[in-house]
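The following exercises concern salt bridges, a buried charge, an enclosed cavity and backbone geometry. Each task is followed by a solution in steps.

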Amino acid sequence: MIIFEKVGKKFQSKDREIQAVEDVSFAVEEGEIFGIIGFSGAGKSTLLRLVNLLERPTTGTVYVDNLAIDKLSQKELRKLRQNIGMIFQNFNLFNSRTVFGNVAYPLRIAKLPKDEISRRVTELLRFVGLEDKANSYPDQLSGGQKQRVGIARALATSPKILICDEATSALDPETTNEILHLLKKVNEELNITILLITHEMNVIRKICDRVAVMENGRIIEEGTVLDIFSNPKTKTTRNFISSILNDSLSDTLRKNLHSEGTKVLYRLTFKGEVTKRPILSEIAKNFNVDVNIINGTIDEIQGGLFGNLMVELRGKNSEVAKVIAQLSKVVQVKEVYLHES
């Protein structure tokens, strides 16, 4: 559906050249929700703007529906853009137009008949849950309602692809969940491929099928959301995941454990059916080792269970080694030294 092939983008400022995107290659499959996460300045927004040629790549090629978009004529590009809807962080609504007028705008640009526009707008407002707000103006709406209007407008031309640029970052947590639920509905019921960027791992966890982590203009890690959560390979990815798992130790807890002679803890990461097993209970029964759970979570990702526990193992070194060997057969085990930050 969307393919980036060794894509780069440079900008020329007055005194220097800025490499916003560098040697990026990945593919978004038809019908999936693909997330790109990165901190501010990572190049995410520039990458999105390359998909519909709002920015032209300096190097490499972007393909949409097997078409090299930088080779398209202006007429072909206009047709392609009709198949790509966009929603934005700050909604980008016309304050002088009603909700109906905002959603109808791209249809009027396409010169559709009035009765068809009316039917389509009514259908979309019903889909996003704003049928009763058709005659309201944007300044009469909440942030979540404004974003629903933005989504309805993006869907007006029946696109195959929806691009989301930090679509929930201006919203509170409860409203964010509502918008994510709506985007999932768009994907599943309308079979629209979604490419989104965010700096919030919670967004990735809740609706994405796959994710790419971006840093300094490059993709540094890519995979299914479950695989990235269970086995992050870079420090940046681990930092994003830690913001969700909240498994870092407080300074007070770290000092208390250290004062008790504890030098190392063990992070256990597990997924799938193994999350249903009483693994630590089995360990306590079968080995002469005390298990102290420091913190942990079990969550649902992509319809599967994902667990993360931080534990202390107390006992003879030989017994602890046996426990580690046994645990390693069914979960991922990583040593965490207390002097580490």
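**Exercise 1. Determine which residue forms a salt bridge with arginine 126, and classify the accessibility of both partners.**

Solution. The model is a predicted one.
Step 1. The partner is glutamate 131, and the closest N and O atoms of the pair are 3.4 Å apart.
Step 2. Arginine 126 has a relative accessibility of 48% and therefore counts as partly exposed, since that class lies between the limits of 20% and 50%.
Step 3. Glutamate 131, at 43%, is likewise partly exposed.

**Exercise 2. Examine the salt bridge between glutamate 17 and lysine 10, then that between arginine 314 and glutamate 312. Which residues of each pair are buried, and which are partly exposed?**

Solution.
Step 1. The side chains of glutamate 17 and lysine 10 meet with an N to O distance of 3.5 Å.
Step 2. Glutamate 17 has a relative accessible area of 48% and is partly exposed; lysine 10 is partly exposed with 37%.
Step 3. For arginine 314 and glutamate 312, the closest N and O atoms are 3.0 Å apart.
Step 4. Arginine 314 is partly exposed, its relative accessible area being 39%, whereas glutamate 312 is buried, with 4%.
Step 5. Salt bridges with shared partners also link Lys9, Arg49 and Glu55 in one network.
Step 6. The count of salt bridges comes to 14.

**Exercise 3. Describe the surroundings of lysine 44, which is buried yet has no salt bridge.**

Solution.
Step 1. Lysine 44 belongs to helix 1, which covers residues 44–51.
Step 2. The nearest side chain of opposite charge is that of glutamate 166, 4.0 Å away. Lysine 44 has no salt bridge.
Step 3. A polar atom of the lysine 44 side chain lies 3.2 Å from the backbone oxygen of phenylalanine 39.
Step 4. With neighbours within four places in sequence left aside, the contacts of lysine 44 include Ile36, Ile37, Gly38 and Phe39. Glu166, Ile197, Thr198 and Met214 are also among them.

**Exercise 4. State how many cavities of 30 Å³ or more the structure has, and which elements supply the lining of the largest cavity.**

Solution.
Step 1. A search of the whole structure yields 1 cavity of 30 Å³ or more.
Step 2. The volume of the largest cavity is about 60 Å³.
Step 3. Among its lining residues are Cys164, Glu166, Ala167, Thr168 and Ser169, as well as Leu180, Leu183, Ile197 and Thr198.
Step 4. Helix 6 (173–190) and strand 8 (193–198) each contribute at least two residues to this lining. Strand 8 gives the most, with 3 residues.
Step 5. Glu166, Ile197 and Thr198 appear in the lining of the largest cavity, and these residues are also in contact with lysine 44.

**Exercise 5. Locate asparagine 66 and asparagine 191, and give the phi of each.**

Solution.
Step 1. Asparagine 66 is not a glycine, although its phi is positive, at about 65°.
Step 2. Asparagine 66 sits in the loop between strand 4 (59–64) and strand 5 (67–68). Its relative accessible area is 72%, so asparagine 66 is exposed.
Step 3. Asparagine 191 has a positive phi near 55° and is likewise a residue other than glycine.
Step 4. Asparagine 191 occupies the loop between helix 6 and strand 8. At 48% relative accessibility, asparagine 191 counts as partly exposed.

Note on methods. Residues are numbered from 1 along each chain as its sequence is written. This is a predicted model: local features need pLDDT of at least 70, side-chain atom pairs count only at pLDDT 80 or more; totals for chains, interfaces and linings use all residues. Side-chain values use heavy atoms; hydrogens and water are left out. Helices (H or I, at least four residues) and strands (E, at least two) are DSSP runs, numbered from the N terminus. Buried means under 20% relative accessible area, exposed over 50%, partly exposed in between (1.4 Å probe, protein chains only). Lys and Arg count as positive and Asp and Glu as negative; His and the chain ends are not counted. A polar contact is a pair of N or O atoms within 3.5 Å; within protein, one must be able to donate a hydrogen and the other to accept it, and residues adjacent in sequence count only if both atoms are side-chain atoms. Contact means heavy atoms within 4.5 Å. On a 1 Å grid over the protein atoms alone, a cavity is a set of points where a 1.4 Å probe fits but cannot get out, and a pocket is an open set with protein on both sides within 12 Å along at least five of seven lines; lining residues have an atom within 4 Å of a point. Grid points are joined across faces, edges and corners, and a volume is the space filled by probe spheres set on the points.
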